[in-house]
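Here are some exercises to work through with the model open beside you. Try each task before reading its solution.

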Amino acid sequence: MAKYGWLVVFMFLFLFQVTAQTAKRIKINVQKTSLSRVLLDLRESYGIQFAFDNDLLSNYSISLNRTFQSEDEALSFLLKDLPFELEKSGGVFVIIPILEKKEKKLSPALTQISGQVLEAQTYEPLPFSYIIINEKLVQSDQQGNFNFIASADSTFDLQISHLGYFIYDTTLTNSVNRKFLLNPQIERIAEIKVEGNLVEKSTLIGDKAGRIKINHRIAPVLPGHGDNSVFNLLRLMPGILAAGEQSNDLLIWGGYESHSKIQFDGFTIFGLKNFNDNISVVNPFMVKNIEVMKGGYEARYGGRVGGIVDITGKNGTLQKPTFTFNINTTTLNSLLEIPLSKKSSVLGAYRQTYYQLYDPTNLNLFQRNNGNGGQHSMNGGVESGIDFTVNPNFNFRDANLKYSYRGDNGSQLSLSLYGGGDTFFYDMEGEYFNNIITRSEEERNRQLGSSLQFSFPGQNGNSTKLTASYSLFDRVAEEQNKNENTRKGTHRITKNIVSENNVDEITINAEHTFSLVKGHNLIVGAGAINNNVQLSRKSFANEIIDLNTKSPRIISYMQDELPIGKFMELKTGLRIIYSTELKKWFAEPRVSTSIRLTEGLKLNASWGLYNQFMAKTSVVDSSYNYSYFWTNSDGNAIPVINAEHWVAGFSFNKNGFAFSAEGYHKTTSGLTQFFNGAKNLEQGFYRGNARSYGLDFYLKKEYKKHVAWISYTVSKTEEHYPFYSRDYYKLAPHHQAHEIKFAGIFNFKSLYLSANYVYGSGFERYNFETEEGISLNKDYKRLDAALVYKFRQGKVKAEVGISVLNVLDTHNIKYSNLRRSTVDEINLVGIYAEAVPFTPTLFLKMEF
């Protein structure tokens with residue numbers, strides 16, 4: 001029996017060997033197919049692992065119908081008579097160009113891998129893309145250029161990723177300098193078929209301390225008005241305040257209004273008025289890349305003590321003219337892209353409101369008096385409800401124009417222009433006992449911006465970027481309150497305020513990057529900046545404020561980016577500022593580090609000092625209304641704002657799952673308030689300090705074509721002014737302890753379903769109620785949902801969708817709309833407007 005047992009084992013091994021050999025038979029049947037496509041099909045069908053230069057192999061066409069007995073035989077036949085050699089390393093077939101291999105013997109001991117990352121369809125540069133070369137991380141610049149110098153390894157594994165694009169994965173064997181094309185994932189579904197590649201979908205958080213990289217391509221399928229899609233997406237990120245619907249500014253990590261900066265194509269956006277989250281100052285048609293620096297950012301950036309949102313605009317297609325048109329329930333929006341040559345293009349965008357956005361409405365108001373009954377307010381009085389009718393009027397329009405030229409050597413020239421404006425007016429009338437109260441308010445805003453940027457490569461992978469920009473913002477506001485006593489027959493104007501605020505910014509900057517060995521970069525820069533500010537505020541014929549100031553400054557900075565092995569990156573930098581007006585030097589040291597503990601797990605930390613020379617000052621009138629105006633620091637009544645940032649956290653990112661936790665601590669000094677006629681306070685400027693600290697949590701899961709994320713922020717922001725009755729810190733007006741946000745996008749072929757939910761615990765500074773029982777410290781809750789369908793009709797690409805804001809019609813308070821009006825010397829009537837109610841919107845987008 002034993003000998004038969006051995007016979008059975010022998011026959012089993014023989015059959016297994018025959019079966020294994022049969023399984024290795026490779027059949028190839030293709031006609032005029034690129035070699036790279038043939039290899040990808042072999043990988044999918046037979047599990048063969050390859051490493052090759054996709055762009056190089058795609059230039060060779062294969063026509064073949066044959067069966068091979070092994071992998072080696074099939075690959076040797078495919079590469080026969082072609083300038084490639086086949087090597088096998090660890091079960092991976094490496095295809096090496098013969099010419100490159102011969103040149104490598106003659107090359108020096110260093111290899112240079114450089115190029116430009118572009119979108120495949122439009123040849124738009126993809127700024128700040130991530131490039132991994134043999135496990136070392138490099139990031140492209142604003143024009144998509146990158147450079148990497150390393151010791152001459154035999155092969156270089158290259159992987160390029162950009163949010164919203166399929167990951168580019170290839171192997172190089174020698175120095176290269178060329179363009180790398182990435183295919184978009186979400187917009188060209190019917191036109192592209194890319195298999196076997198991963199895709200970066202939504203948001204990158206936790207790669208660096210305090211940094212968020214956002215895929216703006218998902219913004220149009222999220223709920224909200226299309227003309228505000230950029231900020232609809234930003235408000236869903238951790239650390240950016242969404243509750244209360246702050247419409248004028250982004251409040252990041254406890255920062256005050258104007259402490260964070262929004263820049264587009266290198267020029268500052270001071271912000272137009274956005275009265276109901278309908279329209280943002282950034283046209284979503286113009287956006288190509290969004291980076292958010294919440295705090296602790298490097299020395300290349302400055303001018304603010306809060307966060308920075310850096311938005312890069314599109315350059316325009318080089319392929320063929322395209323026209324994009326969008327209409328929704330608020331605005332018309334259009335974009336025209338025209339290639340002027342193979343190297344240059346121009347694009348223009350225009351949008352405006354096409355009907356009156358706001359209908360006459362009733363607002364609930366509350367009265368403050370010193371009698372008994374009613375609810376106590378934050379100022380010690382009591383509140384009782386009154387109904388007034390408000391007749392608003394609003395219009396908006398803006399335009400973008402951009403010219404771009406791209407040289408053969410990777411240089412790029414761009415001129416970006418922007419102009420926009422809006423006007424808001426309302427009058428309010430209502431009766432309170434024997435008084436007819438009339439209030440009117442008008443505000444006119446204008447924003448201009450322009451930038452000229454030129455970047456060009458130098459020797460040995462170095463690069464230079466020159467930037468000149470100009471921004472202008474002016475605002476004119478008029479307020480008037482009238483009171484008619486029907487019993488006495490008297491008329492009286494109780495308030496007549498006219499304010500004008502003009503601010504501009506001129507910057508020039510030169511930056512040079514020295515590309516050293518193995519991803520080590522040294523960045524140096526120098527420039528000049530000047531802010532002119534005019535502020536005038538009159539009450540009747542009396543001049544309350546009259547300022548006309550300038551703030552010229554000379555800046556220089558140096559930043560060292562040093563990879564340490566394959567697990568750590570250290571950035572150290574110093575920014576030096578000299579204020580010629582104040583005749584004073586300011587130093588801003590910065591340091592940050594990222595440590596990769598395991599695959600997908602990183603620790604991040606940063607620290608830095610920051611200064612702001614121009615910011616908004618709050619003006620408090622006798623009715624305790626807050627208005628905000630831009631002012632320059634004079635070193636005396638209006639000091640330079642100083643801040644210190646501490647940031648630390650960790651992140652885990654693997655297989656479509658991401659989790660990050662990040663803490664921050666910020667101290668700010670030099671806050672300014674101007675009091676005019678407030679009780680017990682002399683007229684003038686008062687200086688204050690603030691501190692904020694908190695934790696951001698972020699959890700995201702990507703599955704196939706779907707993505708969902710949830711973020712949670714717990715924080716505290718306090719402030720102190722010398723007029724407080726005791727020497728202690730009080731909660732800041734925008735303090736909110738808890739905020740939770742959820743968002744999900746589900747893609748079924750051409751159909752997109754999305755929803756987001758925001759919960760805020762309320763602003764404790766407004767801890768009082770009206771007589772009607774409405775709490776101004778109530779929780780903020782808002783659920784939005786959207787349905788978008790993408791299709792193609794001939795040569796026209798189209799999208800149609802419906803978006804519903806505040807699906808549950810939850811009553812929320814828009815805190816920026818809190819106002820007070822005078823009834824007489826004792827009583828005050830305060831106005832508050834609801835935030836976005838249940839609002840369904842429709843849109844149609846077409847691209848020709």
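**Exercise 1. Pairing in a four-stranded sheet**

Work out how strand S7 and strand S8 pair, and over how many bridges. Then place both strands in their sheet.

*Solution.* This is a predicted model, so please read every value below as computed from it.

Step 1. Select residues 130-133, which form S7. This strand runs antiparallel to S8, and the two are joined over four bridges.

Step 2. Pick out one pair across the two strands: Ile133 has Lys136 of S8 opposite it.

Step 3. Widen the view to the sheet. It is open, holds four strands in the order S8-S7-S10-S11, and is paired in the antiparallel sense.

Step 4. Look at the edges. S8 (136-139) and S11 (168-172) each have a single partner strand, so one side of each has no neighbour in the sheet.

Step 5. Check the twist: with direction ignored, neighbouring strands here are turned by 20 degrees against each other on average.

As background, strands of a sheet pair through backbone hydrogen bonds, in either a parallel or an antiparallel way.

**Exercise 2. Three strands in succession**

Trace the pairing from S41 to S42 and on from S42 to S43, then sort the side chains of S42 by face.

*Solution.* Step 1. S41 and S42 are antiparallel partners over 10 bridges. Within this pair, Phe742 stands opposite Tyr757 of S42.

Step 2. Inspect the connection. The two strands make a hairpin with two residues between them, and Lys749 in the turn has a positive phi of about 55 degrees.

Step 3. Move to the next partner. S42 also pairs with S43 (residues 780-793), in the antiparallel sense and over 10 bridges. Here Tyr759 faces Lys781 of S43.

Step 4. Now walk along S42, residues 751-760, where the side chains alternate. Tyr752, Ser754, Asn756, Val758 and Gly760 point to one face and are buried. Leu751, Leu753, Ala755, Tyr757 and Tyr759 point to the other face and are not buried.

**Exercise 3. A cavity and its lining**

Describe the second largest cavity: what is its volume, and which residues lie nearest its centre?

*Solution.* Step 1. Start with the whole structure, where a search finds 13 cavities of 30 Å³ or more.

Step 2. The second largest has a volume of about 180 Å³.

Step 3. Its lining consists of 17 residues, and nearest the centre are Leu241, Gly254, Thr713, Ser715 and Gln736.

Step 4. Assign the lining to elements. S39 (706-720) and S41 (738-748) each supply at least two residues, and the largest share, four residues, comes from S39.

Step 5. Sort the lining by character: six residues are nonpolar, nine polar and two charged.

**Exercise 4. Nonpolar cores**

Find the largest nonpolar core: how many residues does it have, and which have the most contacts inside it?

*Solution.* Step 1. The core has 52 residues, and Leu234, Met237, Ile290, Val309, Ile311 and Trp709 have the most contacts within it.

Step 2. Helix H6 (residues 229-234) gives the largest share of this core, four residues.

Step 3. Another core lies apart from it, with 21 residues that include Val30, Val38, Leu75 and Leu82.

**Exercise 5. Positive phi values**

Compare the surroundings of Lys32 and Asp265: is each one buried or exposed?

*Solution.* Step 1. Recall that most residues other than glycine have a negative phi.

Step 2. Lys32 has a positive phi, near 50 degrees, and sits in S1 (residues 26-34). Its relative accessibility is 73%, so Lys32 counts as exposed, the cut-off being over 50%.

Step 3. Asp265 also has a positive phi, near 55 degrees, but its place is the loop between S15 (261-264) and S16 (267-269). With 1% relative accessibility, Asp265 counts as buried, since that is under 20%.

**Exercise 6. Apart in sequence**

Give the C-alpha to C-alpha distance from Thr111 to Phe156 and from Met568 to Leu597.

*Solution.* Step 1. Thr111 belongs to S6 (residues 110-119) and is buried, at 3% relative accessibility. Phe156 is 45 residues away in sequence and 9.7 Å away in space.

Step 2. Met568 belongs to S31 (residues 568-579) and is partly exposed, with a relative accessible area of 22%. Leu597 is 29 residues from Met568 in sequence and 8.7 Å from it in space.

Methods:
Residues are numbered from 1 along each chain as its sequence is written. This is a predicted model: local features need pLDDT of at least 70, side-chain atom pairs count only at pLDDT 80 or more; totals for chains, interfaces and linings use all residues. Side-chain values use heavy atoms; hydrogens and water are left out. Two strands pair if DSSP finds at least two bridges between them. Axes are lines fitted to C-alpha atoms, for helices over the stretch in contact, and angles run from 0 to 180 degrees between N-to-C directions. On a 1 Å grid over the protein atoms alone, a cavity is a set of points where a 1.4 Å probe fits but cannot get out, and a pocket is an open set with protein on both sides within 12 Å along at least five of seven lines; lining residues have an atom within 4 Å of a point. Grid points are joined across faces, edges and corners, and a volume is the space filled by probe spheres set on the points. Ala, Val, Leu, Ile, Met, Phe, Trp, Tyr, Cys and Pro count as nonpolar, Asp, Glu, Lys and Arg as charged, and the others, Gly among them, as polar. Buried means under 20% relative accessible area, exposed over 50%, partly exposed in between (1.4 Å probe, protein chains only). A nonpolar core is a set of buried Ala, Val, Leu, Ile, Met, Phe, Trp, Tyr and Cys residues joined through side-chain atoms within 4.5 Å.
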